[in-house]
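Hi,

Here is the structure I promised to pass on. Have a look at it first, and my notes follow underneath.

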Amino acid sequence: MAEMTELHIDLGNTRGKWRLLHCGQRVAQGTVEPNTGRGLPRLESLEIEVIKPIPVILASVAKSSVEAHLRSVLRDYCDCVIETLYTQSTALGLVNSYASPDRMGVDRWLAMLAAWYPNQTGVVVVDAGSALTLDVVTESGQHQGGVIIPGADLSERVLLEQTGKVRFDEDVAHELKLGNSTAECVRFGIAHAQLGALESIAKRFDLHPYKWFFAGGAGAWLQARMDVSGELAPDLVLDGIGLVARIDSSANR
């Protein structure tokens, strides 16, 4: 990688995660509010020589309006050149199972790359955010497929919006129990549904021997309750961006 500063951004619909690298080494990491840019690193406060224009590598699954806001913020923030990553049919030996790869969120693609490529063993990638996604990659790099399930918060919101009398004010944690109030029944039910879906898939497709990676807000909760060999990897998408950037940089030398 050239001796320069790079900003990598993983952008969702509500916020972005960023990582700043200098000479190939991470120097800062954080989150950014797409509409305001709040949270971006203050370049002048860092003890590095920033070479401009700064390459910004963006992976976005946000609505077009959210992404447009962030692009505007970045133009005001610094002298930068923005490269946007997209899902591919194949990369670094990983083969996408989608007939139309552009229909897959780039976050899932990059997370699979980051999980599979370093050790090239069978992996299962779970991202438990607004949606609960699971993707399976074989040892040979073939994406077997995946699932997309409404996440815990989304499931609860839809349930409350679409029913007339399922209401509660209590703040109840998600637990694997039977509930004795509406709040407990909803939250416990969602917990059973989220974990039960993963356990069912693991058993049905014999995925227990695979290495599991967990990301997203509920990733730690699910990992602690799954009887699989796995690790918490909250920055898989940023890791995937970095992997693609390193490979591209080496190819252009």
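A good place to start is strand β1, which is joined by five bridges to strand β4 (residues 54-60), the two running parallel. Within that pairing, Ile9 stands opposite Leu58 of β4. Keep in mind throughout that this is a predicted model.

β1 has another partner too: seven bridges join it to β2, this time antiparallel. Leu7 has Leu20 as its bridge partner in β2, and the two strands make a hairpin with four residues between them.

Is β1 buried or exposed? Seven of its seven residues are buried, so the strand is largely enclosed by the rest of the structure. In a regular strand the side chains alternate between the two faces of the sheet. Here both faces are covered: Thr5, Leu7, Ile9 and Leu11 are buried on one side, and Glu6, His8 and Asp10 are buried on the other.

Helix α2 gets similar treatment. With 11 of its 11 residues buried, it is largely enclosed by the rest of the structure. Among those buried residues are Trp109, Leu110, Met112 and Trp116, but also Asp107 and Arg108.

Now for the empty spaces. The largest pocket has a volume of about 870 Å³. Its lining counts 32 residues, with Gly12, Asp107, Asp127, Gly129 and Ser130 lying nearest the centre. At least two lining residues each come from β1, β2, α2, β8 (123-128), β9 (131-137) and α6 (236-251), and β8 supplies the largest share, four residues. Sorted by class, the pocket lining has 14 nonpolar, 10 polar and eight charged residues.

How many cavities of 30 Å³ or more turn up in a search of the whole structure? The search finds one, and the volume of the largest cavity is about 40 Å³. Lining this cavity are Asp107, Arg108, Ala111, Val125, Asp127, Thr133 and Asp135. α2 contributes the most to that lining, with three residues, while β8 and β9 each give at least two. By class, the cavity lining splits into two nonpolar, one polar and four charged residues.

Two of those cavity residues also pair up: Arg108 forms a salt bridge with Asp135, with the closest N and O atoms 2.6 Å apart. This pair links distant parts of the chain, since Arg108 sits in helix α2 and Asp135 in strand β9, 27 residues apart. Both Arg108 and Asp135 are buried.

The count of salt bridges comes to 10, and a few others are worth finding on screen:

- Glu231 and Lys211 meet through their side chains at 2.9 Å, N to O. They link distant parts of the chain, with Glu231 in strand β12 (residues 230-232) and Lys211 in strand β11 (residues 211-215), 20 residues apart. Glu231 counts as partly exposed at 32% relative accessibility, and Lys211 is partly exposed with a relative accessible area of 27%.
- Arg71 bridges to Glu67, the closest N and O atoms being 3.0 Å apart. Both residues belong to helix α1 (residues 64-77), four residues apart, or about one turn of the helix. Glu67 is buried because its relative accessible area is 18%, under the 20% cut-off.
- Lys17, Arg19, Asp235 and Asp239 are linked in a network of salt bridges.

If you want one spot to look at first, try Asp107, which lies among the residues nearest the centre of the largest pocket and also lines the largest cavity.

Cheers

Note on methods
Residues are numbered from 1 along each chain as its sequence is written. This is a predicted model: local features need pLDDT of at least 70, side-chain atom pairs count only at pLDDT 80 or more; totals for chains, interfaces and linings use all residues. Side-chain values use heavy atoms; hydrogens and water are left out. On a 1 Å grid over the protein atoms alone, a cavity is a set of points where a 1.4 Å probe fits but cannot get out, and a pocket is an open set with protein on both sides within 12 Å along at least five of seven lines; lining residues have an atom within 4 Å of a point. Grid points are joined across faces, edges and corners, and a volume is the space filled by probe spheres set on the points. Ala, Val, Leu, Ile, Met, Phe, Trp, Tyr, Cys and Pro count as nonpolar, Asp, Glu, Lys and Arg as charged, and the others, Gly among them, as polar. Buried means under 20% relative accessible area, exposed over 50%, partly exposed in between (1.4 Å probe, protein chains only). Two strands pair if DSSP finds at least two bridges between them. A salt bridge is a side-chain nitrogen of Lys or Arg within 4 Å of a carboxyl oxygen of Asp or Glu.
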